[in-house]
2 protein chains.
Amino acid sequence: MRKSIATVSLSGSLSEKLTAAAAAGFDGVEIFENDLIASALSPEEVRTRAADLGLAIDLYQPFRDAEAVPEAVLVRNLRRAERKFAVMERLGADTLLVCSSVSPDALDDDALAAESLHRLAARAAEHGVRLAYEALAWGRHVRTYDHAWRIVEAADHPALGVCLDSFHILSRGSDPRGIEDIPGEKIFFLQLADAPRIAMDVLQWSRHYRCFPGQGDFDVTGLVAHTVRAGYAGPLSLEVFNDVFRQGDAARTAVDAMRSLLTLEEAAGIGTPPVPVVPPTGFAFAELVTADTEQPRALLRALGFTRTGRHATKPVDLWQQGAARVLLSSAGGDRRDGATLAALGLETPDQSAAVRRAEALLAPVVPRRRAAGDAPLDAVAAPDGTELFFCRTDAAPGAVDWTHDFPAVPGNTEDGEGGGAAGITRIDHVALPQPWHQFDEASLFYRGVLGLVPDESLDLADPFGLLRSRAVSTADGSLRIALNVAPGPGEREARPQHIAFATDDIVAAARLLHGRGAGLLAIPGNYYDDLAARYELPPERLAELAAWGILYDRDAYGEFHHCYTATVGRVFFEIVQRTGGYRGYGAQNAAVRLAAQHAADGGRPVR
Amino acid sequence: MRKSIATVSLSGSLSEKLTAAAAAGFDGVEIFENDLIASALSPEEVRTRAADLGLAIDLYQPFRDAEAVPEAVLVRNLRRAERKFAVMERLGADTLLVCSSVSPDALDDDALAAESLHRLAARAAEHGVRLAYEALAWGRHVRTYDHAWRIVEAADHPALGVCLDSFHILSRGSDPRGIEDIPGEKIFFLQLADAPRIAMDVLQWSRHYRCFPGQGDFDVTGLVAHTVRAGYAGPLSLEVFNDVFRQGDAARTAVDAMRSLLTLEEAAGIGTPPVPVVPPTGFAFAELVTADTEQPRALLRALGFTRTGRHATKPVDLWQQGAARVLLSSAGGDRRDGATLAALGLETPDQSAAVRRAEALLAPVVPRRRAAGDAPLDAVAAPDGTELFFCRTDAAPGAVDWTHDFPAVPGNTEDGEGGGAAGITRIDHVALPQPWHQFDEASLFYRGVLGLVPDESLDLADPFGLLRSRAVSTADGSLRIALNVAPGPGEREARPQHIAFATDDIVAAARLLHGRGAGLLAIPGNYYDDLAARYELPPERLAELAAWGILYDRDAYGEFHHCYTATVGRVFFEIVQRTGGYRGYGAQNAAVRLAAQHAADGGRPVR
């Protein structure tokens, strides 16, 4: 279906908004009146600009407080509307959004509302303009789409139809099935927005917390399906007011918006579906980049990793323990940051389909710098810049195994099996702090591009602010990524990343690491006093956890033990042991871990 | 009365929180359990640290989900409580906050609740601990303070009383007069927090939007008065969870908190009142500081100002037009920022009382660098660093007039009456962008220190985010300051400041300025098309406004016309004309002005 976006969804000047919408592949825009009023471009110039960019002006919006008013007020409103029809003729826009009145002047009188809309529509028709009447969730008398439709039906004018808006409908809990009772040709426009479920004043909710479909909690897909079944054939148009988008980069927001519509069309079974998603089956590797590899090498050795290979043509080493693989690269990397988690290898059954899927969903493909003979590793960039490589390990004969690019290094080096393995079996999860403006974009990206399932959003207390955290994972938990976001833009965006390794015996692992001087994070004794109060753990078990700085959590499915290394550059490691199907990430303990890191950091003295 | 603060109200480690509370003059703290758990200090070390700082540990909090549960659960809860009593003995804390249960295990049975609290209190008493039972606004069965009191009364144990919390009481709209029915000695603790009126889920509201008394919309003063009348003699204790404070500087937040309690005591008529407030009666001057005065001088000349004096000992010029005075200083100033509005002179009838008031409310006094013979100008620093000078112009004989420090300069210089006055009569208002973390602090500062009245908070749309704006002013409008804040920390905090000059004929002023090439901000034609639709202004009037780039607004009291100069450094000027008692600042037009400045800025191309 045709795809539109309201200019209010994007930041910048009107001209910048049009450019961004066109670049992301939109077919049209809704022009938000305030954007035009504040623009230095005349309506004729906006019309030309849009045409040059290949954008239709699908809607001009909004016209407020029009209907169900005493005659004298209606006469003023008709006069006001004439001014707007004139602007629309100059713009070349033929549909005007009329939203249900919020004015104290409005009377609770459907017949009067219908009559005034009929008169307005008659005037509009003279200018070649159609009116799309929309029920605002906080309208004075008209708040539901079916009520708006009854009034439109009674007004009975060919230039009058309804505008449906998923936010206004779903925020009030209206049943969208009734949309199918409206004749498709009387649905003049469809605006889409999602939102997280927050119990708050619906006007504030709408103004600040709307998000793109797939980023919130509403069933926007279902609503679209009902509307299409009703016979609607107009554009799917995104109208999202959001404090984050207002500040973000318009070009980037427009791509996020388009990805949302593509995913929505696929879910609703409309439009041309993209290549089906190819979910990864696990982590092939995590890649650390650093100008100076000394510190991470020492830590990997202490953790029981062995350097098993070196890239044939690049300064990249493969470190391995069980099925946990870490690439350590000294190519690139910012000396100031130290080690950074720059890339993830995703085990992917069908690499070429995965790349096509990612491209169809507008994921930027990372330019490949590949020497002859290297395995064809394809990568796309996640919203935070992390490179995601689609690859296969231990591939069947004939297929390409990326580890072949890392011939074995001679044994018995200092990076060999000196310490011995510590029982690490695989990468359990990675945690990636996200730029503040890109948190919702990231969760939609991982869902749309990789088919990962987003978990619920959690607030974690840090000594200097709340962190929001949301995990995305495969259904079977074989691949988990925890996305974290700082409390505000510009604040501490350079929070550490981490890689969590799984083990089947965390006490043995912690004991080994302590013995090798791996520097596990010290956990305060007060934490164990509280653990003793909260859970009836045997005293000797508690003493053991305290001795090694192991944190504990449980959920309805099982138990979780975890401990942390010191931070090296931007990265630290976690060792985790899941038992009995525990599903979380130890969020309960995050405040203690963050405070302990703050203390260890020494940035500010704790003692 | 004694003053306390909960550690959860401050950022950082527990040790940092204690230091900040003591430095701001608090007598005690409530220790939030999670702060202790995450601390590397043992309870004994915390006790010693607090004692060294002169802080009592007035409360340990919270103990959750204790009461009205089946026997087996209660036995577990008693065991859990014993662990906490042991921690409290080590801490030297004798009062534990018990908040009403939110657990699904809790039964709706007041008799059972009373019985379980009685048993808990009996155990507590063995450890010398008292329990303060508090109704959480979102408790499962107990949500109001009178309900909590009925249960405490029925439990009838000397170690059991109630804790009152202004947020929980006022957020639910409970009538605080009933507090006077509780015997004072059974009110074990009083926690204070304010909040803006937001219609949202009360738990989220409480967790993220609490603020200090005087910064929100609740009548905390009235609640305190009722509690004191009931006979309560314990501490006034601030318990404020807030996303801003969590990120702010603990020392600064603690001072803001103490200022809130001092203002509250004064309003409630308890404690020792500070020196009465001395509200200013107008602006004596606004001072611009810049390393290079060329651009602001040219603009002041074009605006019709005359250089009438130069400071006897400093490189500071006095520019004047009517009763509008601008100081232009080339001492200091950051070359990169250009001109900055660094100080305001406030007409003050009793300077010495004003300074004593400011000091009593913890306003930092600006060190004076005064030459012999200079008028004794006393200044304090506002939260954003703006210096506020208490001074008098045209003082009665015997009193000191600050303008005497600016002897007249020889006439006929290039800065003389070349252009001629443009009808500017006085400074109408100044607008000061605030650092994100200090917006609420600033409005409380101006209210407490200067007796200014805060206006309601408004959201203004900028091309790159919403701006929050709140004005503070004297009751008669003789002095007005608009405080603005960027949408997030770190974002565009260096927004321009501005000075608005009043005139009685804005068209004449604008015509003059245009003629002198003062470069008024260009306002888009679309704005005037919309003005024509919104108001029935005569066409010739509209044409005149459009010709000079004058914006228009009206309210219930009168009309407002205003226009803007170009920005010089961090500062621009506004010319305003108020007629018929208009009270606002043209907020309606802010989005157009901001977009026009964005376009003029050329930072990003508009065309």
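Here is a short tour of two spots in this predicted model: the meeting of two domains, then a pair of helices from separate chains.

**Stop 1: the two domains of chain A**

Start by colouring residues 3–268 of chain A, which are domain 1, and then residues 283–601, which are domain 2. Their C-alpha centres sit 44 Å apart. Where they touch, domain 1 of chain A supplies 17 residues and domain 2 of chain A supplies 17 residues. Between them, the two domains bury about 1500 Å², with 54% of that on carbon and sulfur atoms.

Next, select Q215(A), R252(A) and R259(A) as sticks. In domain 1 of chain A, these are the residues that lose the most area to domain 2 of chain A, and together they make up 40% of what that side buries.

**Stop 2: a salt bridge**

How many salt bridges cross the interface of these two domains? The rule finds two. Now pick R357(A) and E266(A), which form a salt bridge. Zoom in on their closest N and O atoms, and you'll find them 2.7 Å apart.

**Stop 3: a helix from each chain**

Now show helix α4 of chain A (residues 71–91) and helix α16 of chain B (residues 525–534). They pack at an angle of about 155°, and their axes are 8 Å apart. Angles over 145 degrees count as roughly antiparallel, so α4(A) is roughly antiparallel to α16(B).

To see who does the touching, select R79(A), R80(A), R83(A), K84(A) and R90(A) on α4(A), then D529(B), D530(B), A532(B) and A533(B) on α16(B). Colour them by class: this contact has seven charged residues, two nonpolar ones and no polar ones.

Methods
Residues are numbered from 1 along each chain as its sequence is written. Chains are lettered from A and ligands numbered from 1 in the order in which they are written. This is a predicted model: local features need pLDDT of at least 70, side-chain atom pairs count only at pLDDT 80 or more; totals for chains, interfaces and linings use all residues. Side-chain values use heavy atoms; hydrogens and water are left out. Axes are lines fitted to C-alpha atoms, for helices over the stretch in contact, and angles run from 0 to 180 degrees between N-to-C directions. Helices (H or I, at least four residues) and strands (E, at least two) are DSSP runs, numbered from the N terminus. Angles under 35 degrees count as roughly parallel, over 145 as roughly antiparallel, 65 to 115 as roughly perpendicular and the rest as oblique. Contact means heavy atoms within 4.5 Å. Ala, Val, Leu, Ile, Met, Phe, Trp, Tyr, Cys and Pro count as nonpolar, Asp, Glu, Lys and Arg as charged, and the others, Gly among them, as polar. Domain bounds come from an automatic or database domain assignment. Buried area is the accessible area (1.4 Å probe) that two parts lose on being put together, summed over both. A salt bridge is a side-chain nitrogen of Lys or Arg within 4 Å of a carboxyl oxygen of Asp or Glu.
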